[in-house]
Amino acid sequence: MVFGVLSPNASLSITSPILGRVTDLLAVDAPVGAADAVAGIRITPVDAVGLEQRAASLCTRSIKTSSKAAALDLAVRMMDLTTLEGADTPERVQALCARARHPDAADWSVPPVAAVCVYPELVPVAVGALADSSVAVASVAGGFPAGLAPLEARLAEISWAVAAGADEVDIVLNRSAFLSGQYQKAYDEIAAAKQACGSAHLKVILETGELGSYDQIRRASMLAMVAGADFIKTSTGKIGTSATPPTALCMAEAIRDMAEQTGRAVGLKLAGGIRTAKQAWHYLVIVGETLGSGWLTPERFRLGASSLLNDVLMQRAKLRDGRYQRREDFSVD
Amino acid sequence: MSSRLLINKTYKQFIGGAFERSESGRSYPVVGAEGQHLAHAVQGSRKDVRDAVASARSSQEGWAGRTAYNRGQILYRVAEVMESRRDEFCAEVLRATDGCSEKAAAAETAAAIDRWVWYAGWADKFPTVLGGANPVAGPYFNLSVPEPTGVVGIVAPDEQPLLPLVSRLAPVIVSGNTAVVLASERCPLAAITLAETLALSDVPAGVVNIITGHRDELVPPLAGHVAVDSLDISGCDSEQGAAAARQAAATITRVISASTAERQWADEAAQSPYLIDAFCETKTVWHPKGR
């Protein structure tokens, strides 16, 4: 199974000794194109049944009392509070930023979230609202959510967002190129996006719901990581199928293999469809069991969500007050 | 002549329109009037209460949004379906009630069915009777409309298996409330059979949820739940009821208990439009009057 050809990259040359081991791991096929610089990579297949079973078993873990309290706070600290609507206004973003600093207006012991994620146009608003706070500003860019704008326009959008003050940039994998087998093109675009990002963190959205199989998810994960992604992310949240436990496990295993072979720690961001606190701590279990506690920090794991926060706050209030809460008592935005 | 094994029914809880075992996996033995074993009922947990309240909450707006006429039709339909399973209810009541005659069981079942019909008739009438246009000193219309409080927790009385439960449940849901019922701990089986008729009677999923199990364990999470708007503690003893009322007060939950007159379950006094009103909130609207 030919993975495709990878061009040399200033920061991550595949001819480097480190990445040579990745190519070993993934098995090297006959090089295509310029022999000195490129190589084909074969992706080890994913055992879909085993993957789903393991993910399901990890999601049966029972988490109680003090562990639950710790998991809830951890989930808040890892959250990318997101609003990606056409109807987003500066005021709405400001309100979201206020929530990001103090997620529960009635309980300031709740830690701030990791980041606020908005469209590029609203980055300056978020930057202003989050000045002197620990909350980072993330921007989607690069023709989100399809990623099919002209490459120059996508790169310009990324540079614009970074110049406007975004600390993190979420771009989308070019599924059109990836699914039609143009891996080189998909790779090159991510590498170019990484350069356009400069010092900002690059998160690459694979949109796993559109990739079709776990093999493809693993292949896309590897491609994005090798191309320079600091984080790989499941979904845009704009299509029906978003993050699922097996998808998260599949990507976590790809990250683990990458780290074992190269020592390079890539982060994981799960987004879309995560609405309950229980789902959130199931994902914490999956990541903790697969990647170890080193990944249970906001630097390496994120939950992108808009409605998850309220459920986490409700569970937190239940632990605090001992009574089950009412959804209407928590802020809509 | 074949000697076939009886296929006994598993009495499961009714949550969100589905029959489910407890999240906790527990059950407890239910004994009949003569101490004979009748069945194992589900021993619900606080998490079952939580799930039931969540389902009652999510279906409340839709239920209250139905026309009064439609809610009346559905309550009448409950009576129809119960009527067709009359023998089963009679047998259920007979087995569960101490010193009950067949005649008394039949009377209780008939009264329970008739009570649904009685409240079905009130569905599109109580707003007129309990609300109305109020005379005010100014050029305004002033209209009062009774609206359902929301989610009602009902601790069902223990005296009889069927009639008290229906007497407390029907006036709650007729106005558009949804209910989380803690069935009688002593005789919960008829409540589950009632749930089976509700499931077949066009009552939307989640409008009535029935939990079985131990009161001591189930009343506190129900009474303390922030999303419960009213609480009927008719089935609590005085100590338990007082504790539940204190918990309910902390979240501004209205607390109701059946009066002595209402506890004469077979009497007409046990059914009243004021019982519908007890679980309603009056909304008053002012509107300028034109010339």
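The legends below describe close-up views of a predicted model. Because the model is predicted, local features are given only at pLDDT of at least 70 and side-chain atom pairs only at pLDDT 80 or more, while totals for chains, interfaces and linings use all residues. Residues are numbered from 1 along each chain as its sequence is written, chains are lettered from A in the order in which they are written, and side-chain values use heavy atoms, with hydrogens and water left out.

**View 1. Strand β3 of chain A and its two parallel neighbours.** Strand β3 (residues 79-82) of chain A is covered on both faces, with A:Met79 and A:Leu81 buried on one side and A:Asp80 and A:Thr82 buried on the other; helices (H or I, at least four residues) and strands (E, at least two) are DSSP runs numbered from the N terminus, and buried means under 20% relative accessible area, exposed over 50% and partly exposed in between, with a 1.4 Å probe and protein chains only. In a regular strand the side chains alternate between the two faces of the sheet. β3(A) runs parallel to strand β10 (residues 301-305) of chain A, to which 3 bridges join it, and A:Met79 has A:Leu303 as its bridge partner there. Another 3 bridges join β3(A) to strand β4 (residues 115-118) of chain A, also in parallel, where A:Asp80 stands opposite A:Ala115; two strands are taken to pair if DSSP finds at least two bridges between them. Together with helix α4 (residues 90-101) of chain A, β3(A) and β4(A) make a right-handed β-α-β unit, that is, with the strands pointing away from the viewer, the path from the first strand over the helix to the second runs clockwise.

**View 2. A cis peptide bond and an aromatic pair at A:Phe144.** The peptide bond from A:Phe144 to A:Pro145 is cis, with omega near 0°, and A:Pro145 is found in the loop between β5 (136-140) and α6 (151-163) of chain A. Over all chains, a search of the whole structure finds 6 aromatic pairs, where rings of Phe, Tyr and Trp (its six-membered ring) pair if their centres lie within 6.5 Å, and planes under 30 degrees apart count as stacked, over 60 as edge-to-face and the rest as tilted. One of these pairs is formed by A:Tyr119 and A:Phe144, edge-to-face at 5.9 Å centre to centre with 70° between the planes. The two residues are 25 apart along the chain, A:Tyr119 being in the loop between β4 and α5 (123-129) of chain A and A:Phe144 in the loop between β5 and α6. A:Tyr119 is partly exposed at 23% relative accessible area, whereas A:Phe144 is buried at 10%.

**View 3. The aromatic pair of B:Tyr140 and B:Trp286.** B:Tyr140 and B:Trp286 form an edge-to-face pair, 5.8 Å centre to centre and with 75° between the planes. This pair links strand β6 of chain B, which holds B:Tyr140, to strand β12 of chain B, which holds B:Trp286, across 146 residues. B:Tyr140 is partly exposed at 38%, and B:Trp286 is exposed at 52%.

**View 4. Positive phi values at A:Thr65 and A:Glu207.** A:Thr65, in helix α3 (residues 65-77) of chain A, has a positive phi near 40° although the residue is not glycine, and A:Thr65 is exposed at 58% relative accessible area. A:Glu207, in the loop between β7 (201-205) and α9 (214-226) of chain A, also has a positive phi, near 50°, but is buried at 1%.
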